[in-house]
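Here are my notes on the model, set out as numbered points. Please read them alongside the coordinates.

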Amino acid sequence: MKVAIYGQYYQNSTEPIIKDIFSFFIKNNVEMIIESNFLNILNEKKIIKKEFKTFTIHSELNNSFDMLISIGGDGTILKASTLVRDSGIPILGINAGRLGFLANVQKDNIAEFMQFVIDKKYTISKRTLLSLSCTPENIAIQDINFALNEITVSRKDTTSMITVETYLNDEYLNSYWADGLIIATPTGSTGYSMSCGGPILTPDVQSLVITPIAPHNLNARPLVVKDETEIRLKVSGREEHYLVSLDSRVISVKNETILVIKKTPFQINMVEIPEETFLKTLRSKLFWGEDRRN
């Protein structure tokens, strides 16, 4: 078995997780290829002593890899998706962060769940991504023009609201007068969109969520649309530029630029371990079914 390892280092919580994972894979003769920056951090911290092969860019990950192990939080998985891209390599998230809807393998169960990986006792959850194109073109998004969680437009350098003129399949929907607008995938529905009042979608739903951020008109509510819908936005405001974010990547875009958002032709494969289902994660992270009043 051959796995790629990508991660971020947190001083207090990550070291024992990393040691457990590496020890387990070495014991089971799993070939590990480590992302070069992550390996440099591990060497500086003297966490590992063995030599490993490395990878640096997405083109070095091919179909010889069985899986990519992401060590960190959900943000680490979002960055890992930019390495995997359309290769089809499944991603397994080990939660060394806090909330963790995507990185759902907890540190207390690493050995048990890694055995599931060795035995191939897991399923694949296919996750929709969004692509973005601009008119006129913006060179900042030409290389990595997709998002796993959401694409968001928001105000920049001002406290004034922006106006987001929105079309669905060329039909006018609304002009949102707000701090911004979120276009979220089912995966991203538990992120920024949820915190702005958007609904939670299960990962297998073929839909997208359009969620306004602090809208001036209180009757502007989140809207669920088919994931085949092409969404076109034109933003205007008092400042010359506004911000567009693709997950954690943020760029500045000039007013009146036309943004076209649609589903990508490829998906990200997320590894689901038995007993760590999406519904179990919701109950655990959001305390559903628990009386938290006292």
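1. Ile 124 stands opposite Val 271 of strand β19. This is a predicted model, and the pair belongs to an antiparallel ladder in which five bridges join strand β6 (residues 123-127) to β19. Strand β19 covers residues 268-272, and four of its five residues are buried, so β19 is largely enclosed by the rest of the structure.

2. Ile 273 is one of the residues that touch the most other members of the largest nonpolar core, which has 33 residues. The others in that group are Ile 5, Phe 22, Phe 25, Ile 69, Leu 92 and Ile 94. Leaving out residues up to four places away in sequence, Ile 273 touches Leu 92, Val 105, Phe 113, Phe 116, Val 117 and Tyr 122.

3. Which elements give two or more residues to the largest nonpolar core? They are β1, α1, β2, α2, β4, β5 and α4. Helix α1 gives the most, with six residues. A second, separate core holds 27 residues, including Ile 162, Val 164, Ile 183 and Ile 231.

4. Helix α1 (residues 14-27) has the length one would expect. At 1.5 Å a residue, its 14 residues should span 20 Å, and the C-alpha atoms at its ends are 20 Å apart, which agrees. The helix buries Thr 14, Ile 17, Ile 18, Ile 21, Phe 22, Phe 24 and Phe 25. These residues cover an arc of only 165° around the axis, which puts them on the same side of α1. They pack against β1 (2-7), β2 (31-35), α2 (36-44), β4 (67-72), β5 (91-95) and α4 (110-118). Just after the helix, Asn 29 has a positive phi of about 55°.

5. Helix α4 can be read in the same way. Its buried residues are Ile 110, Phe 113, Met 114, Phe 116 and Val 117. Seen down the axis of α4, they fall within an arc of 150°, so they line one face of the helix. Among the elements that cover them are α1, β4 and β5. Lys 120, which follows α4, has a positive phi, near 60°. Two of these buried residues, Phe 113 and Phe 116, are also among the contacts of Ile 273.

6. An open sheet is formed by six strands in the order β14-β13-β12-β9-β16-β17, with antiparallel pairing. Strands β14 (223-226) and β17 (249-254) stand at the edges; each has a single partner strand, so one side of each is left without a neighbour in the sheet. From one strand to the next, the twist averages 20°. Within this sheet, five bridges join β9 (residues 150-154) to β12 (residues 180-184). Glu 150 stands opposite Ala 184 of β12.

7. Ile 210 lies in strand β13 (residues 207-213). Is Ile 210 buried or exposed? Its relative accessibility is 0%, so Ile 210 counts as buried. Beyond residues up to four places away in sequence, Ile 210 touches Leu 168, Leu 173, Tyr 176, Leu 181, Ile 182, Ile 183, Arg 221, Pro 222, Leu 223, Val 225 and Ile 231. Ser 189 is 21 residues from Ile 210 in sequence, with a C-alpha to C-alpha separation of 9.8 Å.

8. How do the side chains of strand β15 (residues 231-236) divide between its two faces? Ile 231, Leu 233 and Val 235 point to one face and are buried, whereas Arg 232, Lys 234 and Ser 236 point to the other and are not. Such alternation is what a regular strand shows between the two faces of the sheet. Strand β10 (residues 162-168) is joined to β15 by six bridges in the antiparallel sense, and Thr 166 has Leu 233 as its bridge partner. Strand β18 (residues 258-263) also pairs antiparallel with β15, over four bridges. There, Arg 232 stands opposite Val 260.

9. Ser 131 is placed in strand β7 (residues 130-135). Its relative accessible area is 15%, and Ser 131 is buried. Apart from neighbours within four places in sequence, Ser 131 is in contact with Asn 145, Phe 146, Ile 151, Val 260, Ile 261, Lys 262, Lys 263 and Thr 264. Ser 131 and Asp 247 are 116 residues apart in sequence, but 11 Å apart in space, C-alpha to C-alpha.

Notes:
Residues numbered from 1 in each chain as written. Predicted model: local features only at pLDDT ≥ 70, side-chain atom pairs only at ≥ 80, totals over all residues. Heavy atoms only, no water. Expected span 1.5 Å × (residues − 1). Buried < 20%, exposed > 50% of the residue type's maximum accessible area, 1.4 Å probe, protein only. Arc of directions from axis to C-beta. Contact = heavy atoms within 4.5 Å. Pairing = 2+ DSSP bridges. Axes fitted to C-alpha atoms, helices over the stretch in contact; angles between N-to-C directions. Core = buried A, V, L, I, M, F, W, Y, C linked by side-chain atoms within 4.5 Å.
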